[in-house]
Amino acid sequence: MKQISQLLKIITESKSNNSTFRQFIERNYADAPENVRTRYENLLKIHRRTFGDQPAAIIRAPGRIELLGGHTDYNGCPVIPMAIDKDIVVAASKRTDRKIVIQSVEPRFPKREFIIERQISSFPAGDWGNYVKAAVQGLVDHYGQKNHPTKTFAGFNLTVSGNIPAAAGLSSSSALVVVSALTFLHINSLQFKKLALAQLLAQAEKYVGTQGGGMDQTISLLGRANQVLKIEFNPYAITEIPLPPDFQIVAAHSLVYAPKTESAMDKYNRRAIECRLATALINHYFKRTFQREFQILLIGDLTEEKTGLADKEILGHCQTALIEKIYTYQTVAGILELDIAAVQQKYCLRRDQSVFPEPADGFKLYARFYHIFTEWKRVLMAAGKLTEGNLIEFGRLMNESQASSRDNYELSIPEIDQLVSLSRKNGSLAARLSGAGFGGITLHLMRKSQTQQFIEQLRDEYYRGSAQTLLPNREAWHDFIFTCQSADGAGVVLD
Ligand code: GLA
């Protein structure tokens with residue numbers, strides 16, 4: 001690792017020479033190179049001001065957009081995300097003890113510190129430091145299983161600069177988990193294969209309480225500039241799909257925040273629990289109907305290979321297996337021939353071991369299952385359409401996904417519905433919510449040439465029109481609608 005002053009020199013010199021850092025900026029950011037350099041310089045200067053002119057590394061992890069595959073990942077079904085040019089960049093320096101000290105360039109994130117130990121207790125729910133702790137705890141657990149003594153790990157000082165809007169569905173939290181894990185590994189000179197690390201971190205992030213899947217960590221680590229990924233989880237596999245030349249995605253924020261650590265967490269976890277209950281009932285039904293074990297543990301296990309049935313037949317059976325419109329703990333337990341407590345323990349616990357309360361409107365098992373099963377098939381079709389460069393068909397599948405996310409999975413909100421309909425009226429090929437839902441951004445598939453006009457129209461109709469009261473100030477609309485450039489996955493930028 002080089003002294004901070006040396007790193008600053010490399011950045012300054014990249015203005016006039018064709019260095020690796022200059023190429024990195026050009027490949028990964030749509031923003032003017034000057035602005036990117038200033039951001040990196042600022043980060044290093046703040047790091048130096050607090051921690052002194054030590055050797056340091058710069059490490060970065062990008063946010064992502066989910067083009068298709070809403071809530072499929074934790075069901076073992078595929079998804080198509082893209083890493084974007086909004087990211088978290090950190091400066092990190094090794095310490096001589098086991099302490100981790102984290103500060104942000106933004107004062108609204110207060111300084112935090114903790115010790116690397118076998119069991120790291122969390123900060124209060126919602127604290128930003130928990131994402132760093134999640135990564136470190138995950139790695140400590142991993143190395144602990146290999147009898148690596150926790151006492152020998154070195155801690156680090158970390159300064160964080162992020163420009164992924166929080167609670168927007170762009171996965172700022174996973175980017176922080178990923179960048180923290182890479183820092184821990186780099187500081188301790190440990191090697192890890194990216195795919196294995198993605199799997200580890202998908203589990204590790206559950207530390208903060210959300211029962212998510214593996215999309216966010218995988219795309220943040222393995223994304224590639226000019227590509228989207230099709231990620232399969234059952235088994236894990238990655239396919240890169242080059243972006244068609246005319247392809248452009250505009251992200252437009254609904255101006256409604258959906259922080260995953262607050263009420264949106266229970267809404268998200270409810271969907272995960274409903275899918276687990278649906279799968280348990282389907283597995284039970286298949287066993288009874290066909291008098292043999294199928295081991296359907298995830299919706300993604302409902303393949304032709306496993307069941308010997310075509311998709312249409314699988315759907316028909318699942319419709320019979322999940323015949324009720326809504327379920328209660330009692331009806332599920334009755335069918336599975338288990339106690340209610342056993343069902344709750346097996347499928348419905350939060351991270352703190354409390355039982356998830358039965359929703360007032362009941363568990364909607366068929367609707368949730370139907371969304372996931374059809375979304376899975378849409379993702380497979382969409383991967384083919386994108387490979388052929390067929391934006392019209394890709395867009396049609398995005399629109400279908402939005403309808404199913406709204407009607408079957410109930411992820412949409414009136415503001416998102418409104419943005420989607422304004423978008424289609426103003427010439428997008430498709431529009432859908434992205435990520436967990438319940439607020440945050442919407443994605444708009446465009447042809448490049450029409451993008452500018454489209455942004456101006458949404459500005460007038462949504463940000464200066466109906467949703468103006470939700471804007472923090474009149475001029476702020478610009479921060480809430482932007483084009484998404486693809487970017488490379490996470491890694492060490494300079495050291
Ligand atoms: C969140 C989760 C992901 C995924 C999406 C919805 O971003 O972190 O794992 O489930 O929601 O597709």
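**Surroundings of Gly-76, the ligand and helix H4**

Gly-76 is in contact with Phe-233, Asn-234, Leu-298 and Gly-300, leaving aside its neighbours within four places in sequence. The model examined here is a predicted one. Gly-76 is found in the loop between strand S2 and strand S3. S3 spans residues 80–94. The relative accessible area of Gly-76 is 10%. Buried means under 20%, so Gly-76 counts as buried. Phe-482 lies 406 residues from Gly-76 along the chain. The C-alpha atoms of these two residues are separated by 31 Å.

Strand S2, which covers residues 55–68, also takes part in the shell around the ligand. S2 supplies at least two residues of this shell, and so does helix H7, residues 215–222. In total, 15 residues surround the ligand. Glu-66, His-71, Asp-73, Asp-216 and Tyr-268 come nearest. By class, the shell has four nonpolar, six polar and five charged residues.

Several side chains place polar atoms beside oxygen atoms of the ligand. For Arg-64, a polar side-chain atom lies 2.9 Å from a ligand oxygen. For Glu-66, the corresponding distance is 2.5 Å. In the side chain of Asp-216, an N or O atom is 2.6 Å from an oxygen atom of the ligand. The ligand on its own has 310 Å² of accessible area, and the protein covers 97% of this area.

Helix H4 runs from residue 129 to residue 145 and has 17 residues. From its first C-alpha to its last, H4 reaches 24 Å. This is close to the 24 Å expected at 1.5 Å a residue. An α-helix has 3.6 residues a turn, so residues three or four places apart point the same way. In H4, 15 of the 17 residues are buried, so the helix is largely enclosed by the rest of the structure. Asn-147 follows H4. The phi of Asn-147 is positive, near 60°.

Ser-104 belongs to strand S4, which spans residues 99–104. Its relative accessibility is 13%. Ser-104 therefore counts as buried, under the 20% limit. The side chain of Ser-104 reaches the backbone nitrogen of Glu-106 at 2.9 Å. Leaving aside neighbours within four places in sequence, Ser-104 is in contact with Phe-109, Trp-128 and Val-160.

How values were computed:
Residues are numbered from 1 along each chain as its sequence is written. This is a predicted model: local features need pLDDT of at least 70, side-chain atom pairs count only at pLDDT 80 or more; totals for chains, interfaces and linings use all residues. Side-chain values use heavy atoms; hydrogens and water are left out. A residue is near a molecule or strand if one of its heavy atoms lies within 4 Å of it. A polar contact is a pair of N or O atoms within 3.5 Å; within protein, one must be able to donate a hydrogen and the other to accept it, and residues adjacent in sequence count only if both atoms are side-chain atoms. Accessible areas come from the Shrake-Rupley method with a 1.4 Å probe; for residues, only the protein chains shown count as cover. Helices (H or I, at least four residues) and strands (E, at least two) are DSSP runs, numbered from the N terminus. Ala, Val, Leu, Ile, Met, Phe, Trp, Tyr, Cys and Pro count as nonpolar, Asp, Glu, Lys and Arg as charged, and the others, Gly among them, as polar. The expected span of a helix is 1.5 Å times one less than its number of residues. Buried means under 20% relative accessible area, exposed over 50%, partly exposed in between (1.4 Å probe, protein chains only). Contact means heavy atoms within 4.5 Å.
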